[in-house]
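Reader: Hi! I'm new to this and would love to talk through the charged pairs in this structure. Could you walk me through them?

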Amino acid sequence: MKRIVVIGGGITGCAAAYEIARRGHNVRLFERHQIAAMASGWTLGGVRQSGRDSAELPLARAAVALWPGLADILGHDTGYVQGGNLRLAREPSEVLTLMALVETQRALGLDLHFLPDSKRVRSVAAAVSDSVIAASYCASDGFADPVATTRAFAHAAEGRDAQIETGCSVRKIVVRNGKIEGVETSDGFVRADGVVLAAGIHTPALLAPLGLALPLDVTLVQVVQTEPAPLCFEQVFGVANADCAGRQEPNGRFRFTSGLEPFRGDPEHWTNATLVPSAASVE
């Protein structure tokens with residue numbers, strides 16, 4: 001049995017903690033805020049194959065095959081809905097982008113369809129504006145509740161005797177003679193035989209003292225959540241130039257995001273309160 005430290009309580013860290021604990025190892029996960037406090041809690045939660053880079057597509061397809069049974073495996077709800085994904089075109093140049101996408105991904109084996117006009121798009125999703133002139137459609141895509149899923153992995157990891165410690169940050173990975181000895185945390189030193197680094201935007205700072213460089217641009221995505229509305233939209237949607245995406249949650253709220261924008265803030269100054277999605281804000 002090895003002692004493994006996981007740094008970061010997002011979906012990557014919690015899933016890693018579960019899988020490592022399931023294999024019988026001693027696991028301790030450290031999260032400086034709360035589980036799913038940052039990107040894993042505010043993402044749309046899309047479970048998507050369409051639009052993936054060709055190198056990612058086999059992994060995305062394998063993941064989609066697991067999602068329908070994931071809640072049963074973990075013993076906790078994930079909010080997974082396989083409602084499809086629409087990528088929308090609003091002008092002729094975007095139509096060409098989608099046609100190329102569909103051709104490329106169908107050649108790789110993905111069941112992705114091109115909807116050539118507004119009528120075909122609205123036959124799939126009647127709530128779409130008739131200003132949308134074409135779309136790609138992948139029926140096997142969908143979405144999950146990002147907070148519920150991350151917490152499901154965390155609870156399942158604890159069920160396998162993993163220790164999850166929130167409000168505790170890792171300050172340094174300790175390496176001597178080319179071998180990991182452990183980590184320095186805000187609560188003291190913890191021995192480890194290995195480290196899984198899933199700290200998001202904080203990853204480069206932890207790698208730098210080890211002589212490892214990870215170029216990472218920190219960008220900002222705006223996330224808006226509406227008041228509940230009548231249910232009318234089952235798919236996750238995006239647009240061809242990737243400047244907007246969204247979905248309707250089971251409680252009727254719409255959640256949508258902007259494209260990437262420059263981020264000029266300092267995440268070290270964010271407080272716990274601003275990072276933890278409230279129970280009322282997610283479904």
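**Charged pairs, one by one**

Author: Happy to! Keep in mind that this is a predicted model. Let's begin with arginine 90, which is partly exposed, with a relative accessible area of 36%.

Reader: Which residue does arginine 90 meet in a salt bridge?

Author: That's glutamate 94, and the N to O distance between the two side chains is 2.9 Å.

Reader: Is glutamate 94 buried or exposed?

Author: Buried: its relative accessible area is 6%, and the buried class covers values under 20%.

Reader: Nice. Which residues are joined into one network by salt bridges that share partners?

Author: Glu19, Arg22 and Arg23. Within that group, the side chains of arginine 23 and glutamate 19 form a salt bridge at 2.8 Å, N to O. Arginine 23 is exposed because its relative accessible area, 55%, is over 50%. Glutamate 19 is partly exposed at 30%.

Reader: New topic! What does aspartate 193 pair with?

Author: Its side chain meets that of arginine 3 in a salt bridge, 3.6 Å from N to O. This pair links distant parts of the chain, 190 residues apart.

Reader: Where do the two sit?

Author: Arginine 3 is in strand S1 (residues 3–7), while aspartate 193 is in the loop between strand S11 (188–191) and strand S12 (194–197).

Reader: And how accessible are aspartate 193 and arginine 3?

Author: Aspartate 193 is partly exposed at 39% relative accessibility. Arginine 3 is partly exposed too, with 37%.

Reader: Last one: how many salt bridges does the count come to?

Author: Nine!

Notes:
Residues are numbered from 1 along each chain as its sequence is written. This is a predicted model: local features need pLDDT of at least 70, side-chain atom pairs count only at pLDDT 80 or more; totals for chains, interfaces and linings use all residues. Side-chain values use heavy atoms; hydrogens and water are left out. A salt bridge is a side-chain nitrogen of Lys or Arg within 4 Å of a carboxyl oxygen of Asp or Glu. Helices (H or I, at least four residues) and strands (E, at least two) are DSSP runs, numbered from the N terminus. Buried means under 20% relative accessible area, exposed over 50%, partly exposed in between (1.4 Å probe, protein chains only).
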